[in-house]
Amino acid sequence: MSVTSDTPLDVLVVGAGITGIYQLYRAREAGFTVELLEAGVGVGGTWFWNRYPGARFDSESYTYGYLFSKELFDEWEWQEHFAEQPEIERYLNHVVDRFDLRQHIHLGARVTSATYDDTSGIWTVTTEDGAERRTRFLISATGVLSVPFFPDVPGRDDFAGQQVHTGLWPAEPVDFTGKRVAVIGTGSSGVQIIPIVAEQAASLTVYQRTANWCTPLNNSPITAAEQAQLRADFEKIRETLNTSVSGFLHPAHDRATFDDDEDQRHAFFETMWSSPGFAKLISHYTDMTFNLEANAAWSEFVAAKIRGIVNDPDVAAKLIPDDHRFGEKRPPFVTSYFETYNRANVSLVDLKATPIRRLTELGIETADGVQELDLIIWATGFDFGTGALSRMGIRGQGGLALNDHWADGPTTYLGVQTTRFPNFFFPGGPHAAAGNNPRYNGDQVDFVTDLLTYARDNGYGVVEVDPAAEESWTAMIDRAARKAPSFGECSYYFGTNIPGKPKKYLLNSAGRPKLLSMIEEIKSNDFKPFIFTQ
Ligand code: N01
């Protein structure tokens, strides 16, 4: 099957997640001919695939949704401060229909190769069904958490029961009722699904390798008065988000941990414990993440909370991290998580003491024997940052494979382009964000659209980035990684969860204001250091 026409598209977007939908909208509004290819059978990206029970935002709904249209903001009333997956998927479908974008979207269209032609500057993109499309500009909005990771556990195919991954959750509801269920992994996905499975399953066994510093999400419905206030504050919200380091509304605190005496500190820790989501990182004492003593004081407070909630002291001890500090990994935010371990049908296996040996036909085998199961839920994470880009068969100048170009990890400029791959962009990919992702990704989409508009309006057909600029931006990313108090090398942010993956920082910890100020400077300088040719 081939849909190739003589006239290439101006823009082909890959991925119908939050970033891709916005990129499609912006490219069309800028007057480009544009289509979007999406592997899934629905739109939503991360929020389409991660449809496991309990999946929800942990950034405030109204700060995570789109802010480009006041009308859209006014008409969509988020039900909760942290919306659940079904509402998020409905919202994204609403956006697609409201802005009449569906006609440009091809669902079930997984990209298998994308090849740049040095002579014409045109990309040829092939999908799984063999269809080919030609485009001048190729924009991959394939996200950072889109390739689920299954650990290489021996005997995975031997298990006779059902297996599902949180990041590849089936469209049909998975029934836990009366079943013996295992959840492997206790990252943000695992800790969201565990309480819900526990309520319905006959038994739930949680396989935990590393305990995480989980704290309450503190979600609640958005009241009518709050809805009205949000609408009244639209411009103020946008302004605050645009000037905050990580794209949240939470204000920074003005005191360090030991500026307060013990009683004041305890009271502040209680306030933090009861605060919503990421306030516990952003509005915390200014030194909490990097002053070891300060971090230890907060960690001990959280540990005491866990001991206070979990009845069995041995189980509580296993749920308290002992190998990393609070904030060194991305902290999950939970609802009734620790309480779940007080249920008679829930047990916790410490994989450091008894690692998984293999799967058998009946269940999971550790040193303690085989736990018989009906359903295994893999909540084992993702090939973060570069996972999707490395599986699309992308070839740039002279047939160079992106995977060879990035053999030692990604190098980028602004997290939107890499050298030797002209006319190819990847907003929301590696080096894009460290915080509330849609805010950074939206900045990148706006920038890429402006860049392409400039090229078109000035008669240029090829846009590439100066190698010196890429080198300097990538060095800045690596420096910021070393300085960043949070997200240490034990985190998937360095790719260390994937065997054989180069250890390279995949976020942009320099903050959103820096990204925005660089974008403004580049725009005012005729988009240098991008190189334009006809
Ligand atoms: O994945 P993870 P996730 N044997 O990589 C364990 C976003 N998100 O899907 O820590 C046994 O964090 C692994 O153990 P260890 C958010 O950005 C957001 O949970 O490597 N266990 C860990 O416990 C988040 O950070 C929300 O020792 C194995 C788990 O699997 C990101 O997605 C909700 C194993 C993987 O945790 C990823 O979260 C959900 C093995 N061989 C996700 N291999 C929101 O709330 C791995 N594990 C918005």
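**Exercise 1. The ligand shell**

Sort the shell around the ligand by residue class, then find which helix gives the most to it.

*Solution.* Start with the classes: the shell has 10 nonpolar, 9 polar and 5 charged residues. The model is a predicted one. In total, 24 residues surround the ligand. T186, S189, R209, T210 and Y492 are the closest. Next, the helices. Helix α6, residues 188-200, gives the most, with 3 residues.

**Exercise 2. Polar contacts and burial**

List polar contacts to oxygen atoms of the ligand, and say whether each protein atom belongs to the backbone or a side chain. Then state how much of the ligand the protein buries.

*Solution.* Apply the cut-off for a polar contact: N or O atoms within 3.5 Å.

- Step 1: a polar backbone atom of G187 sits 3.5 Å from a ligand oxygen.
- Step 2: S188 also uses a backbone N or O atom, at 3.0 Å from an oxygen atom of the ligand.
- Step 3: R330 uses a polar side-chain atom, 3.2 Å from a ligand oxygen.
- Step 4: the ligand taken alone exposes 920 Å², and the protein buries 86% of that.

**Exercise 3. A helix pair**

Classify the packing of α15 and α17 from the angle between them, then describe the contact.

*Solution.* Two packed helices are described by an angle and a distance between their axes. For α15 (residues 437-457) and α17 (residues 512-524), the angle is about 5 degrees and the axes are 11 Å apart. Angles under 35 degrees count as roughly parallel. Therefore α15 is roughly parallel to α17. On the α15 side, the contact is made by R439, Y440, D443, Q444, F447 and D450. On the α17 side, R512, L515, L516, I519, I522 and K523 take part. By class, these contact residues split into 6 nonpolar, 1 polar and 5 charged.

**Exercise 4. Backbone exceptions**

Examine the peptide bond between K528 and P529 and the phi of S336, and place P529 and S336 in the fold.

*Solution.* Recall the background: most peptide bonds are trans, and most residues other than glycine have a negative phi.

- Step 1: the bond joining K528 and P529 is cis, with omega about 15 degrees.
- Step 2: P529 lies in the loop between α17 and β20 (530-533).
- Step 3: S336, a residue other than glycine, has a positive phi near 55 degrees.
- Step 4: S336 lies in the loop between β11 (333-334) and α13 (337-340).

Notes:
Residues numbered from 1 in each chain as written. Predicted model: local features only at pLDDT ≥ 70, side-chain atom pairs only at ≥ 80, totals over all residues. Heavy atoms only, no water. Near = heavy atom within 4 Å. Polar contact = N/O pair within 3.5 Å; in protein donor to acceptor, adjacent residues only side chain to side chain. Areas by Shrake-Rupley, 256 points an atom, 1.4 Å probe, with all protein chains shown as cover. Helix = DSSP H or I, 4+ residues; strand = E, 2+ residues; numbered from the N terminus. Nonpolar A, V, L, I, M, F, W, Y, C, P; charged D, E, K, R; others polar. Axes fitted to C-alpha atoms, helices over the stretch in contact; angles between N-to-C directions. Parallel < 35°, antiparallel > 145°, perpendicular 65-115°, else oblique. Contact = heavy atoms within 4.5 Å.
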